[in-house]
Amino acid sequence: MSDVNKTVQKWHASFKKGTDFDSWGQLVEAIDEYQILARQLQKEVQSTNSSDFTEEQKKNLGKIATCLEMRSASLQCTQSKEEFKLEDLKKLELIIKNILTYNKEFPFDVQPVPLRKILAPGEEENLELEAEDDAAAGAVSTETFPPRAAPGTLLPRLPSEPGMTLLTLRIEKIGLKDAGQCIDPYMSISVKDVNGVDLNPMQDTPVATRKEDTYIHFSVDVEIQRHVEKLPKGAAIFFEFKHYKPKKRFTSTKCFAFMEMDEIKPGPIVIELYKKPTDFKRKKLQLLTKKPLYLHLHQTLHKDS
């Protein structure tokens, strides 16, 4: 059996494993399987030195990756309006199994992964030396590169419920020693349980437009998609600061911060920044800098009495 056939066989087995977990109600395992497979397919799609697959086959692999991500998002957010059902995902099994010979139209109107490469937390560690790339990024004009998919997936506030509290977090600014060199900076916000499993869909802010000395200003409101009373013990809200690296043509996580449940109270709050990769389990934390540079937030609590 050729290497490419072995790869396809491996993808098919992973796909089947994910849909089995999904149908058994093992949602955490299904989400993990879907996300790992989606990343593997995305890597193949974006590989420039692979001739194992035609452009059409890569396009279909990219669309399968998108569907895997959509199903994963549906499992993480029970209130998702654009739910992608398990029975829909199962229709793709024959396509991934027979990707080398499949020549029909793709069954869903979805787009392959965008040009902009989003890496999993820590994945960029093997690809870069932060200081070197930051210096290079500051010297490269973004106008020489094609347009990239812009972030910005903020969700509206949930409907109020009697006796329940909703949290609005205003991201004011972040302090970084090289703030002026960060290209297309934005923040990804997620809510995780004590084991690092998503409790809400991740939200991305729009790109920050104002930089001032050692600060990047966001001035944007983020609506947490769960009532405060329904957040489990040990949960935390994570803020990942991301920026674009022209030299590598991907978006990198530069640092992260988090807020624990006992820190939810009205008014301003300043939280520390930690070195990547993002540690959602909060086991091995390393401060980004000894300088007094932080993430500045403002909290508003809405309670329907």
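Two strands count as paired if DSSP finds at least two bridges between them. Helices (H or I, at least four residues) and strands (E, at least two) are DSSP runs, numbered from the N terminus. The model is predicted: local features need pLDDT of at least 70, side-chain atom pairs count only at pLDDT 80 or more, and totals for chains, interfaces and linings use all residues. Residues are numbered from 1 along each chain as its sequence is written, and side-chain values use heavy atoms, with hydrogens and water left out.

**View A. Strands 2 and 6 pair in the antiparallel sense.** Seven bridges join strand 2 (residues 165-175) to strand 6 (residues 215-223). G175 has Y215 of strand 6 as its bridge partner.

**View B. Five strands form an open sheet with antiparallel pairing.** The strand order is 5-6-2-11-9. Strand 5 (210-212) and strand 9 (267-271) are at the edges with a single partner strand each, so one side of each has no neighbour in the sheet. From one strand to the next the twist averages 25 degrees (axes are lines fitted to C-alpha atoms, for helices over the stretch in contact, and angles run from 0 to 180 degrees between N-to-C directions).

**View C. R170, E172 and D221 are linked in a network of salt bridges.** A salt bridge is a side-chain nitrogen of Lys or Arg within 4 Å of a carboxyl oxygen of Asp or Glu. In the pair D221 and R170, the closest N and O atoms are 3.0 Å apart. D221 belongs to strand 6 and R170 to strand 2, so this salt bridge ties together parts that are 51 residues apart in sequence. D221 has a relative accessible area of 37% and is partly exposed; R170, at 29%, is also partly exposed (buried means under 20% relative accessible area, exposed over 50%, partly exposed in between, with a 1.4 Å probe and protein chains only).

**View D. R157 forms a salt bridge with E223.** Their closest N and O atoms are 3.2 Å apart. R157 sits in the loop between helix 6 (130-139) and strand 2, while E223 is in strand 6, 66 residues apart. R157 is partly exposed at 43% relative accessibility, whereas E223 is buried at 10%. The whole structure holds 12 salt bridges.

**View E. The side chains of K230 and E161 meet in a salt bridge.** The N to O distance is 3.7 Å. K230 lies in the loop between strand 6 and strand 7 (236-245) and E161 in the loop between helix 6 and strand 2, so the pair ties together parts 69 residues apart in sequence. K230 is partly exposed at 41%, and E161 is partly exposed at 33%.

**View F. D193 is buried yet has no salt bridge.** D193 is in the loop between strand 3 (183-192) and strand 4 (203-204). The nearest side chain of opposite charge, R282, is 6.6 Å away (Lys and Arg count as positive and Asp and Glu as negative; His and the chain ends are not counted). A polar atom of the D193 side chain lies 2.8 Å from the backbone nitrogen of N195.

**View G. C255 is buried, with a relative accessible area of 0%.** The closest cysteine sulfur, in C182, is 8.3 Å from the sulfur of C255, too far for a bond. Zero disulfides are found in the whole structure (a disulfide is a pair of cysteine sulfur atoms within 2.5 Å).

Definitions and conventions: Polar contact = N/O pair within 3.5 Å; in protein donor to acceptor, adjacent residues only side chain to side chain.
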